Amino acid sequence: MTRTAPPPSTAPAPEHTAARGEDVRLAVSTVIFSLRRRPEDGCATVVMPLVRRTRDPYAGRWALPGGWLDPREGLDAAGSRTLAETTGLMPSYLEQLYAFGDVDRSPTRVVSIVYWALLRADEVDAQQAAHAAAGSAPQNVEWFAAASLPRLAFDHDDIVEYALWRLRNKVGYSRVAHGLLPDEFTLADLREAYEAMLGRRLDPANFRRQVESSGNLIPTERFRTGSHRPARLYRYNQDVELADRGPLARLAEPAASVESR
């Protein structure tokens, strides 16, 4: 998916066909992004897990991981819980994306608080291996390239498009790539991550100048060796926050990085 999506419309919704006074239910869903190399060419690409629905509405259709909000829990806790219950995954980065509440998005009145999450490929592998070893691997979960998704249930196609729009806009001014890369990486690794998120090629020389002058990276004394000349490994400056929460920082849960910007 390479097109740039505008923010979700805030235009007035059409008249709801259900009876007035219908109960409104709150749900939480999460768009999870990770990076994988395509087996056919070795290029990094953005991938995401989907869950196949087992009951109506949209039985058999793929959908975003999610579930109902428990009245006794906060939104961030619900995002983490529903993600773990449906996919078995615990993200390294979790941010509230948007509230989707068009009146006709579901047969019953449902407002979804949507998060988007970042998870490194090695963390995905480790968490999936742990669940497989314990015999607790979630069912009906499959990973897809974000650029070639099947048609999704409800309005989840629109949600994914908006999440990709947010990802591409944030990559230009934040350290969002840190949530997708290992602790140490080469500049080529970082550039490939940016290219995968932006959906376009970047000039290597210009990219190097920009990231080295940003103050976000710290060069290590280690190098990656292989068929080409050794490439220096870098790490992110841990003194620079992955997400600036501003006045909400004091309310953040220590277990996750969450931004509501």
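1. A good place to start in this predicted model is the residue E95, which is buried, its relative accessible area being 0%. E95 forms a salt bridge with R166, and the closest N and O atoms of the two are 2.7 Å apart. This pair links distant parts of the chain, since E95 belongs to strand β5 (residues 93-100) while R166 belongs to helix α3, 71 residues apart. R166 also counts as buried, at 11% relative accessibility.

2. Further salt bridges deserve a look, and the count for the structure comes to 19. Salt bridges that share partners join R37, D189, E192 and R224 into one network. The side chains of D41 and R38 meet in a salt bridge of 2.7 Å, taken from N to O. On the question of exposure, D41 is partly exposed with a relative accessible area of 40%, and R38 is partly exposed as well, at 29% relative accessibility. Another salt bridge is formed by E73 with R81, where the closest N and O atoms are 2.6 Å apart; here R81 counts as partly exposed, at 26% relative accessibility.

3. Turning to the aromatic residues, the structure holds 9 aromatic pairs. In general, a pair of aromatic rings is described by the distance of the centres and the angle of the planes. F185 and Y236 form a pair that is tilted, with 5.3 Å from centre to centre and 50° between the planes. F185 lies in the loop between α3 and α4, whereas Y236 lies in strand β9, so this pair ties together parts that are 51 residues apart in sequence. F185 is buried, with a relative accessible area of 0%, and Y236 is likewise counted as buried, at 3% relative accessibility.

4. A pair with another geometry is formed by Y194 and F207: the ring centres are 5.2 Å apart and the planes stand at 70°, so the pair is edge-to-face. Because Y194 lies in helix α4 and F207 in helix α5, the pair ties together parts that are 13 residues apart in sequence. Both Y194 and F207 are buried.

5. Two other arrangements involving rings should be mentioned. Ring pairs link Y98, F100, Y162 and W165 into a cluster. Elsewhere, R25 lies over the face of W68, at 3.6 Å from the ring centre.

6. Helix α4 can be described in some detail. This helix covers residues 187-198, which makes 12 residues, and reaches 16 Å from its first C-alpha to its last, close to the 16 Å expected at 1.5 Å a residue. Helix α4 is followed by G199, whose phi is positive, near 75°.

7. Is helix α4 mostly covered or mostly open? Helix α4 is mostly covered, as 10 of its 12 residues are buried. Among the buried residues are L187, D189, L190, R191 and A193, together with Y194 and E195, and the list continues to the end of the helix with A196, M197 and L198. What covers these buried residues includes strands β1 (25-37), β2 (44-52), β8 (217-224) and β9 (231-236), as well as helices α3 (156-170) and α5 (204-212). Two of the residues buried in α4 have already appeared above: D189 takes part in the salt-bridge network with R37, E192 and R224, and Y194 forms the edge-to-face pair with F207.

Technical notes: Residues are numbered from 1 along each chain as its sequence is written. This is a predicted model: local features need pLDDT of at least 70, side-chain atom pairs count only at pLDDT 80 or more; totals for chains, interfaces and linings use all residues. Side-chain values use heavy atoms; hydrogens and water are left out. Helices (H or I, at least four residues) and strands (E, at least two) are DSSP runs, numbered from the N terminus. The expected span of a helix is 1.5 Å times one less than its number of residues. Buried means under 20% relative accessible area, exposed over 50%, partly exposed in between (1.4 Å probe, protein chains only). Contact means heavy atoms within 4.5 Å. Rings of Phe, Tyr and Trp (its six-membered ring) pair if their centres lie within 6.5 Å; planes under 30 degrees apart count as stacked, over 60 as edge-to-face and the rest as tilted. A charge sits over a ring if NZ of Lys or CZ of Arg is within 6 Å of the ring centre and within 35 degrees of the ring normal. A salt bridge is a side-chain nitrogen of Lys or Arg within 4 Å of a carboxyl oxygen of Asp or Glu.
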